[in-house]
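Trainee: Could you take one part of this model and go through it slowly with me? I would like to follow the reasoning one step at a time.

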Amino acid sequence: MLNGKRILLIITGGIAAYKSLDLIRRLRDAGAAVTPVMTRSAAEFVTPLSVSSLAGQAVHQDLFDLTQESEIGHIQLSRSADLIVVAPATADIMAKAAQGHANDLATTVLLATDTPVLMVPAMNVRMWDHPATQRNVSLLQQDGVAFVGPDVGGMACGEFGAGRMSEPAEILAAIAAHFGPKPLAGRRVLVTSGPTHEPIDPVRYIANRSSGAQGAAIATALRDLGADVIFVTGPADAPTPQGVTEISVETAAQMMAAVLDHLPVDAAVFAAAVADWRVENASSHKVKKVAGALPELSLTENPDILAQVSQLQTGRPDLVVGFAAETNDVIENAKAKRQRKGCDWIVANDVSPETGIMGGSENQVSLITGAGVTPWPRLSKTETGQKLAQSIADHFNTAEPR
Ligand code: CTP
């Protein structure tokens, strides 16, 4: 998969550095050569001996190492790779790289290079969310740096949130995607994701359960295949992938407007769990609880975004993909949904609580097209997203029946 590729792996000082050992092993198994660079603090978390043993190469640590400098030199080191991967990338290295510091080997390599850079952030959730870090991410993106993650989850420090380093398999997939073909280059694809929140009053709302993880994985995979991705997301737990155009919305009506605003697109994937109803008489102030008296909520139907876009007379995307999250008669319900809404494909899945799919990291779907039903194996949401993105790319390449 990565035969002959040269990866310069910069390991910085975070607890997630232990995952980089597994990453090195996977990169080498995939055929890549790994040249490791470690910062001083990285060596507090993993030993240079472990890193060099797994990489099969000496670790570069010092800017002013006379032997290494005479043999290779940091400028050459920075340019002798096909890709520079920074994993884990701490808030500190991101800040330094964003500002152009060059006060150790890792930062000097990053400043001296014209090789593509992929950063894999790992830090405490507050550090990740801090405006300074977000500013640095955006500066680095403007400089062309790509990102994988961070993931949402429990952290070594005991807190929970976005900041956990992506798993080695995911990093490897992103590296493979970097070198892989870009069959969707020049294609514009819109993805809806997450739940919508329909206000009852300023503090209460109606919503569907949705983490947004599957939508984010689809957007990531489409981006990796070269698509220009418009990501219209409700208030989701899963972070928005880097390198897509994010449009944040709250309600179904806003999602509808945002989708129409961003047409035309070549393909649209409706992965959002849109609330079917909204409260017609939503209150502009907090409804007070009165003992024995229940508030009267009058519901009205939300626009069906998938159906409306599928049935557009002009400007309909060439390929419209919907989801059908069902708890019973999955295939029959999904087939009927495909007909009713007028979309081309439906991704159907069983979200009964016992499947563990809702809120979990895996999915098991069937792809329903005009040609029939194809069950896919149980896969991670990342892999399901990749398989769907690849099917979309195949559709455009072969124009097979919808
Ligand atoms: N969808 C949409 N707008 C809505 C409701 C649903 O775009 N107002 C899309 C979803 O993003 C998904 C598909 O339609 O791609 C199916 O959503 P689902 O909730 O399963 O379908 P419903 O039409 O709401 O049918 P039901 O809830 O009765 O199963």
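Trainee: Which residues of H8 are buried, and which exposed residues does the face turned away from its buried side carry?

Mentor: Please keep in mind that this is a predicted model, and let us begin with the length of the helix before we turn to its sides. Helix H8 runs over residues 131-142, and because each residue should contribute 1.5 Å, its 12 residues should span 16 Å, which agrees with the 16 Å that separates its end C-alpha atoms. Now to the first half of your request: the buried residues of H8 are Thr 133, Asn 136, Val 137 and Leu 140, where buried means that the relative accessible area is under 20%. These buried residues cover an arc of only 105 degrees around the axis, and therefore they lie on the same side of H8. As for the second half, the face turned away from that buried side carries the exposed residues Pro 131, Arg 135 and Gln 142, exposed being used for a relative accessible area over 50%.

It is then natural to ask what the buried residues of H8 pack against, and here the partners are two helices, H5 (91-99) and H7 (125-129), together with two strands, E4 (117-121) and E5 (146-147). Finally, if you follow the chain onward, you will find that H8 is followed by Gly 144, a residue whose phi is positive, near 95 degrees.

Terms used
Residues numbered from 1 in each chain as written. Predicted model: local features only at pLDDT ≥ 70, side-chain atom pairs only at ≥ 80, totals over all residues. Heavy atoms only, no water. Helix = DSSP H or I, 4+ residues; strand = E, 2+ residues; numbered from the N terminus. Expected span 1.5 Å × (residues − 1). Buried < 20%, exposed > 50% of the residue type's maximum accessible area, 1.4 Å probe, protein only. Arc of directions from axis to C-beta. Contact = heavy atoms within 4.5 Å.
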